[in-house]
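Visitor: I am new to reading protein models. Could you take me through one part of this one closely, step by step?

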Amino acid sequence: MWKRASGFRMPAGAEILGTQGDVTRMQVTIPPDEQGFHGRQCPACEAVFRVDSDDYAALPDDCELWCVYCGHHADHGDFVTQQQQERLVRAARELGLQMVRNGLEDAFRRTARRRPAPRGRTFGIDISYRSAPYRPQPLPDINEERLIRVRTCGGCALRYAVFGEHRFCPVCGQLPAEVVALDALGADTARLDCLAQLPADTAAPLREQGVFTRMWVDTLENLVTVVETLAAAVFQDAVADSAAKLKGKGNIFQRLDDTAELFAAAGYPDLRSTLDPAIWQRLVEIWAARHVFTHTDGLVDAKYLAKVPASQVRIGQRLTITETICRQAIADTEALCRAITSLTTP
Ligand SMILES: [Zn+2]
Ligand SMILES: [Zn+2]
């Protein structure tokens, strides 16, 4: 049985719950931020994310958490942030100091009772100890990085916030491939927005050095990778003998027509018939452009012209990419990602 412990003066935010034998239980509250979130820090990669305090309190006591970034999976108690740790240590120090004080006061009282000092006859040193009420030091506040955006897990409805590319829900673990794909497209849009908002005197030298062009080409690269990752995950998830069906097919999910045919052969609708033909044609052109940037530094070859017969560019000329092309490509890729996901979901 826990007994109420008295005699400790604790700072606001730390409360003694009781004692049992020589164990004292203390609770230290972690104040939430203005949005009602508190930090969690991964013990493996040390990166911080935030979770809604109410949602978190509703989780079972023995709940295990996932690091949103690296997927480290452990007891939720291991995810204490640096600042929360400092608060806990301060509270423990306040309790420890008072235990020592109380012990000293006890010892002095007992000594005084058992051996009244004989006056004038012993050689010794007098020690006097005056007891004064203990004044606890306040606990340090929590002042961690503020959240930018609240995300809600589609699986468990937990509200959380991240500070970088992430792949896991703190409670469910691995995020669905479609969520990851749409997040990546959102990041590419944000990057274009960011370039567009640069002050003219910052933008001009970057543009001159080809930084803008490089980012636009990178966007096309990213789109192909996003679709490749999503299509592979959807296919492997839905098709029982996917490994056998993919054997010897190389990077099949980097190729649009082959991907469409693979799903169709496995009994799913043909991707090409589920998308607007104009979107499909633009996607084919973007995929072809990405191919020449990856393999021939953007120089057009016969293979490109076979995919994009209406192109005005001749063999040996270099393709040019613009922000408008990128934004259209992101929108078309989003339509493609949704189409891929719905192929296998009835
Ligand atoms: Zn981690
Ligand atoms: Zn979840």
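Guide: What follows is a close look at an aromatic cluster, and then at the charged and nonpolar side chains elsewhere in the chain.

Keep one thing in mind from the start. This is a predicted model.

Begin with the rings. The structure holds seven aromatic pairs. One of them is made by Phe235 and Phe253. Their ring centres are 5.9 Å apart, and their planes meet at 55 degrees. Planes under 30 degrees apart count as stacked and those over 60 as edge-to-face, so an angle between these limits is called tilted. The pair of Phe235 and Phe253 is tilted.

Now place the two rings on the chain. Phe235 sits in helix 5, which covers residues 211-238. Phe253 sits in the loop between helix 6 (242-246) and helix 7 (256-265). The two residues are 18 apart in sequence, so their pairing ties together a helix and a loop. Both Phe235 and Phe253 are buried.

A second pair comes next. Phe263 and Tyr268 form an aromatic pair with 6.4 Å between the centres. Their planes are 70 degrees apart, and the pair is edge-to-face. What about cover? Phe263 has 0% relative accessibility, so Phe263 counts as buried. Tyr268 has 22%, so Tyr268 counts as partly exposed. The cut-off matters here: buried means under 20% relative accessible area.

Put the two pairs together. Phe235, Phe253, Phe263 and Tyr268 belong to one aromatic cluster.

Next, turn to charged side chains. Arg255 and Asp258 meet in a salt bridge, with 2.6 Å from N to O. Arg255 has a relative accessible area of 37% and is partly exposed. Asp258 is also partly exposed, at 27%.

Another salt bridge joins Arg282 and Asp332. Their closest N and O atoms are 2.7 Å apart. Arg282 is in helix 9 and Asp332 is in helix 11. The pair links distant parts of the chain, 50 residues apart. The two partners have unlike cover. Arg282 is partly exposed at 32% relative accessibility, whereas Asp332 is buried at 4%.

Salt bridges can also share partners. Asp257, Glu261, Asp270, Arg272 and Lys307 are joined into one network in this way.

In total, the structure holds 23 salt bridges. Among them is the one between Glu178 and Arg338, whose closest N and O atoms are 3.9 Å apart. Glu178 lies in helix 3 (residues 177-196) and Arg338 in helix 11 (residues 323-344). These residues are 160 apart in sequence, so the salt bridge ties together two separate parts of the chain. Both ends are partly exposed: Glu178 has 25% relative accessibility, and Arg338 has 41%.

Helix 9 deserves another glance. This helix spans residues 277-296 and includes His291. His291 is partly exposed, with a relative accessible area of 29%. Compare its position with that of Pro133. The two are 158 residues apart along the chain, and their C-alpha atoms are separated by 76 Å.

Gln83 gives another case. Gln83 and Asp141 are 58 residues apart along the chain. Their C-alpha atoms are separated by 8.1 Å. Gln83 belongs to helix 2, residues 82-114. With a relative accessible area of 24%, Gln83 is partly exposed.

Stay with helix 2 and look at the surface. Val100 is in this helix. Val100 is exposed, at 55% relative accessible area. Together with Leu104 and Phe108, Val100 makes a nonpolar surface patch of about 250 Å².

The surface also has a patch of another kind. Asp61, Asp62, Glu64, Asp75 and Asp78 form a negative one. Take Asp75 as an example. Asp75 lies in strand 6, residues 73-75. Its relative accessible area is 35%, and Asp75 is partly exposed. Patches are made of residues with over 30% relative accessible area and no salt bridge, so a partly exposed residue can belong to one.

To retrace the route, go back to the cluster of Phe235, Phe253, Phe263 and Tyr268. Then find the salt bridge of Arg282 and Asp332. Finish at the nonpolar patch of Val100, Leu104 and Phe108.

Key:
Residues numbered from 1 in each chain as written. Chains lettered and ligands numbered in written order. Predicted model: local features only at pLDDT ≥ 70, side-chain atom pairs only at ≥ 80, totals over all residues. Heavy atoms only, no water. Patch = residues over 30% accessible without salt bridge, like charges linked within 9 Å, V, L, I, M, F, W, Y side chains within 5 Å. Areas by Shrake-Rupley, 256 points an atom, 1.4 Å probe, with all protein chains shown as cover. Salt bridge = Lys/Arg side-chain N within 4 Å of Asp/Glu carboxyl O. Lys, Arg positive; Asp, Glu negative; His and termini not counted. Charge placed at Lys NZ, Arg CZ, Asp CG, Glu CD. Helix = DSSP H or I, 4+ residues; strand = E, 2+ residues; numbered from the N terminus. Buried < 20%, exposed > 50% of the residue type's maximum accessible area, 1.4 Å probe, protein only. Phe/Tyr/Trp six-rings, centres within 6.5 Å; stacked < 30°, edge-to-face > 60°.
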